[in-house]
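Subject: Structure handover

Hi,

Here is the structure I promised to pass on. Have a look at it first, then read my notes below.

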Amino acid sequence: MKNTTLCYIEKDDCYLMMLRNKKSVDENKGKWIGVGGKFEEGESPEECLVREVYEETGMRLTSYKFRAIVTFVSDEWGTEYMHLFTADAYEGEPQLKNCPEGELKWIPKDEIMQLNLWEGDRAFLQKLFDGDDFFSMKLVYEGDKLVAVK
């Protein structure tokens with residue numbers, strides 16, 4: 001079982017999104033997601049978040065909020081606990097062309113649901129858009145198919 005972070009960084013009613021298109025083996029290949037990644041030994045969710053955002057974007061977060069824990073259960077990728085954050089302040093500008101994981105782009109929030117997203121991501125993104133306080137959600141996948149939202 002793995003622990004990860006995912007962050008949706010806000011600016012001018014947009015989120016910084018990443019098209020995962022640079023790694024040959026990537027469970028998110030071809031999908032648009034926020035930025036984040038796997039915990040290193042001994043890291044807290046916040047430490048992982050700050051490190052991963054910096055590694056992927058070159059930005060240093062100065063204001064962020066822990067929004068949810070999302071449990072992914074997959075018959076192909078195992079179980080993952082994703083710690084979901086939003087951020088609204090940072091130092092530096094994103095290195096849009098130099099991200100090692102994929103292509104970074106500011107996407108207007110009202111266009112995000114038209115992107116190639118995981119179906120489960122649509123469920124938790126809607127809760128973010130609706131302004132829900134901290135929540136927990138479980139998403140169950142068989143292959144690429146979302147079979148349950150709890």
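Which elements each supply at least two residues of the lining of the largest pocket? They are strand 1, helix 1 (45-57), strand 4 and strand 5. (Helices, H or I of at least four residues, and strands, E of at least two, are DSSP runs numbered from the N terminus.)

Before the rest, some housekeeping. This is a predicted model, where local features need pLDDT of at least 70 and side-chain atom pairs count only at pLDDT 80 or more, while totals for chains, interfaces and linings use all residues. Residues are numbered from 1 along each chain as its sequence is written, and side-chain values use heavy atoms, leaving out hydrogens and water.

Back to the pocket. On a 1 Å grid over the protein atoms alone, a pocket is an open set of points where a 1.4 Å probe fits, with protein on both sides within 12 Å along at least five of seven lines; lining residues have an atom within 4 Å of a point. The largest one holds about 570 Å³ of space, taken as the space filled by probe spheres set on the points, which are joined across faces, edges and corners. It has 29 lining residues, and K2, T4, E27, N28 and E80 are the closest to its centre. Strand 1 supplies the largest share of that lining, four residues.

Now the inside. The largest nonpolar core (buried Ala, Val, Leu, Ile, Met, Phe, Trp, Tyr and Cys joined through side-chain atoms within 4.5 Å) has 24 residues, and Y8, M17, L84, F124 and L125 have the most contacts inside it. Buried here means under 20% relative accessible area, exposed over 50%, and partly exposed in between, with a 1.4 Å probe and protein chains only. Strand 7 (135-142) is among the elements that give two or more residues to this core, and strand 7 gives the most, with four. A separate core of 16 residues includes M18, F85, A87 and Y90.

Helix 2 (119-129) is another contributor to the largest core. Its buried residues are G120, D121, F124, L125 and L128. They sit on the same side of helix 2 because they cover an arc of only 130° around the axis, judged by the directions from the helix axis to the C-beta atoms. Just after helix 2, G131 takes a positive phi of about 80°.

One last spot: S74, in strand 4, is buried, with a relative accessible area of 13%. The C-alpha atoms of S74 and V140 are 6.0 Å apart, though 66 residues separate them along the chain.

Cheers
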